Each structure stands twice: as structure tokens, then as C-alpha cells.
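Biologist: Can you walk me through the inside of this one? I'd like the core, then the pockets.

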Amino acid sequence: MEQWIETLQQPWPWYVAGPLIGLTVPLLLWLGNKSFGISSSLRHICAACVPAGISFFQYNWRKEKWNLFFIAGILAGGFIAAQLLDNGAAVSVHPALAGELAGYGITRYDSLIPAELFSWQQLFTWRGILLMAGGGLLVGFGSRYAGGCTSGHAIMGLATLQWPSLVATCCFMAGGFIMANFILPFILSL
Amino acid sequence: MLKYLLAGTAFGIILYKAELISWFRIQEMFRLQSFHLYGIIGSAVLVAMAGVWLMKKFRMKSIDGTVISTAPKQFSRGQIYGGLLFGFGWAATGACPGPLFAQVGAGAGVVLVTIAFAVAGTWLYGKWKHRLPH
């Protein structure tokens, strides 16, 4: 038993985690004919809290409340994994990335979410506000504009052979490459 | 609704243990320094594809008795412009929407700020939708 838990506490390899994520798609279809997609929850939150007479938010979000339960579950899952399934080992990072980040003063690898970038104190720095507020705005605006995010397009859309989802996925990747390689170095140096 | 809460919980645990919620892994992916996330997304798509294909082939029903169906996605130029913008945000925050929620659960409370701005971004899209090219 202990051995099992020790194994589970290691980071899971891609060939275990990937298929499990893939199974979420048939699981949601089986549970209630629901299409896997997470960014829609952000729209439902808008519709429920601040519809402000905008037609895009005038619909019966209560019919989609399963999506909100699903994201509440994700939050709980993150908590459970952090409490019970983490062995506390430092995050291993590619040496080239570690070298680059050291140049920006990022040297701690004790959390999957680097506290030197994402913390309450960092909110009051230029790089923190750009990454959290700016990044958040782009994630919300971009995913709705694209009609979905990595779950709805890159996984659900590709799995059901939707070519618009392939277009979206390629643009997600292109945007990520541009940000990580050309814009982020500037933000991190602030 | 409990079943969706539980499915989400399982999904959140997977996101954490797959290190999909790690800002570092996302950076490695976009710098081509690691195969990890490509392997995850690739194998997830293949398994999901096989699952949906089998369910449709055998005309499986969901547990509430409806025939399994998936909706087609309509193309719009939003998938290009919005996709690029989303990609910028993905690499900056090191998370897409699912992992943002898992990060909060994992103890990074400040990510609630990121989520609040993601909600604001979604709201701004709704407000400006009719003026944007689609």
C-alpha cells in the first residue's frame, strides 16, 4: 500500500496522464451527454453574475450548471492532490530553462507555480501584474473569441475531427511560441 | 450534479499529477525542451477519439438515456485571432482555464486574481463581440 502511494506521489508520466485526460471526454458523454470544455464556465459566471444586458450573456446558464460543478471539482482535485499526492520533491526543470530563469532571478523550484512570479506580493510588480492580470484577460478573451480553449478545441474538437478546432489549436500553439520566446523574456526582465 | 463534481475532482487530480498546472512545463513545451505536454495532448486526443468513435459506433446511451451526440464546431476567424490571443495568455499564465482552478485548489490563492481577469476578459468579449471580425 505504502509503495502504491509512493508511486502515485511521483509526477505521472505522459503516457499515464494523457490517456486519463482523454477518457474524460467519453466519461462526460456517458454521464450526461456533456461536451468536454472548460472555458464555457467563465461565460456562465458572466451570465450568472454580471449579464449587464449583453446579448451574449442572455441565456439560461442554469441549464449549464454541470460545468460549474465540474470546475468546482477541479479545484477540489487540486487541493486533494497537493495535500495527499505530493511528495514535496523539487520540480525538475530542463537545465536550459533553469539557466534562463536564473537570469531573471527565478531560482526556487519548490512549487509547480513559481512563487517568485505568482504571489500576492508579485501583484504589485510590473511583471506580476502583466502575467496574472494581463495573462488572465488574454486567456478569457481569447478562449471565448476562439469559441473554446485547450479542452474544447485541442482535445474535444480534435477528437471529434472538427477542422475549425485544428485551426484554433495551431493558433494556440503559435501564440504560445511567440509569447514564451519573444515577449515573455521582456516581461520577466521587468 | 454530484457526478460532475466527482468527475471534475478526478480531472483536477490528474491535472496536478500530470504537472499540467506547472508554469515550468508550459515554458518547456513552448521552448521545445520537453516532450511531456505534447505526449499528454497527443495521447489524450487519440484516447478521446477512440472513445467517442466507439460510443457512436455502438450507439451507446448516456446514463440518463439520451443517445450520445457531439456538436460540430463552426469555423470563424475568431479561431485565428482569438486562438493567438489565448496562446499569449496560456504561455504568460502557464495555465489554461482548467489548470487555473486546480492551481487555486493546490494552494496558490493569488491565481483567483488571474481567474477574475479571465472572467473579465470573457465579459469584454461578450460586450465587443458584434464589433470584432468573425
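**Core and pockets**

Biologist: Which residues have the most contacts inside the largest nonpolar core?

Modeller: Ile21(A), Phe36(A), Phe70(A), Ile74(A) and Trp90(B), in a core of 93 residues. A nonpolar core here is a set of buried Ala, Val, Leu, Ile, Met, Phe, Trp, Tyr and Cys residues joined through side-chain atoms within 4.5 Å. Buried is under 20% relative accessible area (1.4 Å probe, protein chains only).

Biologist: Which helix gives the most to this core?

Modeller: H8 of chain A, residues 163-188, with eight residues. Helices are DSSP runs (H or I, at least four residues), numbered from the N terminus.

Biologist: What does Ile21(A) touch?

Modeller: Ile155(A), plus Phe11(B), Ile14(B), Leu15(B), Leu20(B), Ile40(B) and Ala44(B). That leaves out residues up to four places away in sequence; contact means heavy atoms within 4.5 Å.

Biologist: Is this predicted, and how is it numbered?

Modeller: It is a predicted model: local features need pLDDT of at least 70, side-chain atom pairs count only at pLDDT 80 or more, and totals for chains, interfaces and linings use all residues. Residues run from 1 along each chain as written, chains are lettered from A and ligands numbered from 1 in written order, and side-chain values use heavy atoms, without hydrogens and water.

Biologist: Now pockets. How much space lies in the largest pocket?

Modeller: About 770 Å³. Of its 39 lining residues, Ser35(A), Ser40(A), Arg144(A), Gly147(A) and Lys73(B) are closest to the centre. A pocket is an open set of points on a 1 Å grid over the protein atoms alone where a 1.4 Å probe fits, with protein on both sides within 12 Å along at least five of seven lines; lining residues have an atom within 4 Å of a point. Volume is the space filled by probe spheres set on the points, which are joined across faces, edges and corners.

Biologist: Which element gives the largest share of that lining?

Modeller: H7(A), with four residues.

Terms used
Helix = DSSP H or I, 4+ residues; strand = E, 2+ residues; numbered from the N terminus. Buried < 20%, exposed > 50% of the residue type's maximum accessible area, 1.4 Å probe, protein only.
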